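The following exercises ask the reader to work from a structure towards its architecture, contacts and surface. Each task is followed by a worked solution.

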Amino acid sequence: DAMEYERDATKIIDRHASFNWSILFVASSGFLASSYGFFATNVIKPALYFVYPPYGRLSSNIANVIDLMTLIGTALGQLARGNLADLFGRKKL
């Protein structure tokens with residue numbers, strides 16, 4: 001029976017595993033650090049519109065360009081820093 005198998009597996013996992021606070025901290029800090037960049041652009045855009053109004057060369061699509069550059073920068077940064085972390089900084093938690 002699948003339900004019985006699942007219950008047995010859960011009991012085994014619960015018996016041999018304890019909650020690891022360091023893994024929670026590392027995962028949470030990584031999420032907060034990467035999401036900060038996405039939310040910071042929403043704060044910066046009104047200031048940019050005030051200093052550089054969207055006329056002429058700066059079209060109304062500048063918000064999309066800022067969001068796109070944020071996403072591209074985040075993806076490239078994660079790839080680069082992830083490889084560096086694999087080479088120099090990984091350790092067992």
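The exercises below concern this predicted model.

**Exercise 1. Overall architecture**

Determine how many helices and strands the chain contains, and state how much of the chain is buried.

Solution.
1. The secondary structure amounts to three helices and zero strands.
2. Followed along the sequence, these elements give the pattern α-α-α.
3. A residue counts as buried when its relative accessible area is under 20%. By that criterion, 8% of the 93 residues are buried.
4. The chain exposes about 8400 Å², of which carbon and sulfur atoms supply 67%.

**Exercise 2. The span of helix α3**

Compare the span expected for α3 with the distance between its end C-alpha atoms.

Solution.
1. Helix α3 covers residues 62-89, and its length is 28 residues.
2. The expected span is 1.5 Å times one less than the number of residues, which for α3 comes to 40 Å.
3. In the model the end C-alpha atoms of α3 are 37 Å apart, in agreement with the expectation.

**Exercise 3. Annotated segments**

Which residues does the UniProt annotation "transmembrane region" cover, and what is the secondary structure of residues 21-41 and of residues 61-80?

Solution.
1. According to the unreviewed UniProt entry, the annotation covers residues 21-41 and 61-80.
2. Residues 21-41 are 100% helix and 0% strand, with 31 Å between the end C-alpha atoms.
3. Residues 61-80 are 95% helix and 0% strand, and here the end C-alpha atoms lie 29 Å apart.

**Exercise 4. Packing between α2 and α3**

Identify the buried residues of α3 and the helix against which they pack.

Solution.
1. The buried residues of α3 are A63, T70 and T74. They pack against α2.
2. On the α2 side, consider T41, which is found in that helix. T41 counts as buried because its relative accessibility is 10%, under the 20% limit.
3. Leaving aside residues up to four places away in sequence, T41 touches I66, D67 and T70.
4. G37 is also found in α2. Its relative accessible area of 25% makes G37 partly exposed.
5. G37 and T70 are 33 residues apart in sequence, yet their C-alpha atoms are 7.1 Å apart in space.

**Exercise 5. The salt bridge**

Locate the salt bridge of the structure and explain which parts of the chain it ties together.

Solution.
1. A search of the whole structure yields one salt bridge.
2. This bridge joins the side chains of K45 and D67, with an N to O distance of 3.1 Å. The distance satisfies the requirement of being within 4 Å.
3. K45 belongs to helix α2 and D67 to helix α3, so the pair ties together parts that are 22 residues apart in sequence.
4. The partners can be classified by accessibility: K45 is buried at 12% relative accessible area, whereas D67 is partly exposed at 29%.
5. D67 is also one of the residues touched by T41.

**Exercise 6. A nonpolar surface patch**

Which residues form a nonpolar patch on the surface, and is F50 buried or exposed?

Solution.
1. The patch consists of V43, I44, L48, F50, V51 and Y52, which together have about 670 Å² of accessible area.
2. F50 is found in helix α2, which covers residues 21-51.
3. The relative accessibility of F50 is 73%. Since the threshold for an exposed residue is over 50%, F50 counts as exposed.

Methods:
Residues are numbered from 1 along each chain as its sequence is written. This is a predicted model: local features need pLDDT of at least 70, side-chain atom pairs count only at pLDDT 80 or more; totals for chains, interfaces and linings use all residues. Side-chain values use heavy atoms; hydrogens and water are left out. Patches are made of residues with over 30% relative accessible area and no salt bridge: like charges are joined within 9 Å, nonpolar side chains (Val, Leu, Ile, Met, Phe, Trp, Tyr) within 5 Å. Accessible areas come from the Shrake-Rupley method with a 1.4 Å probe; for residues, only the protein chains shown count as cover. Helices (H or I, at least four residues) and strands (E, at least two) are DSSP runs, numbered from the N terminus. Buried means under 20% relative accessible area, exposed over 50%, partly exposed in between (1.4 Å probe, protein chains only). UniProt positions are given in the numbering used here, feature names are shortened, and annotations may be inferred rather than shown by experiment. Contact means heavy atoms within 4.5 Å.
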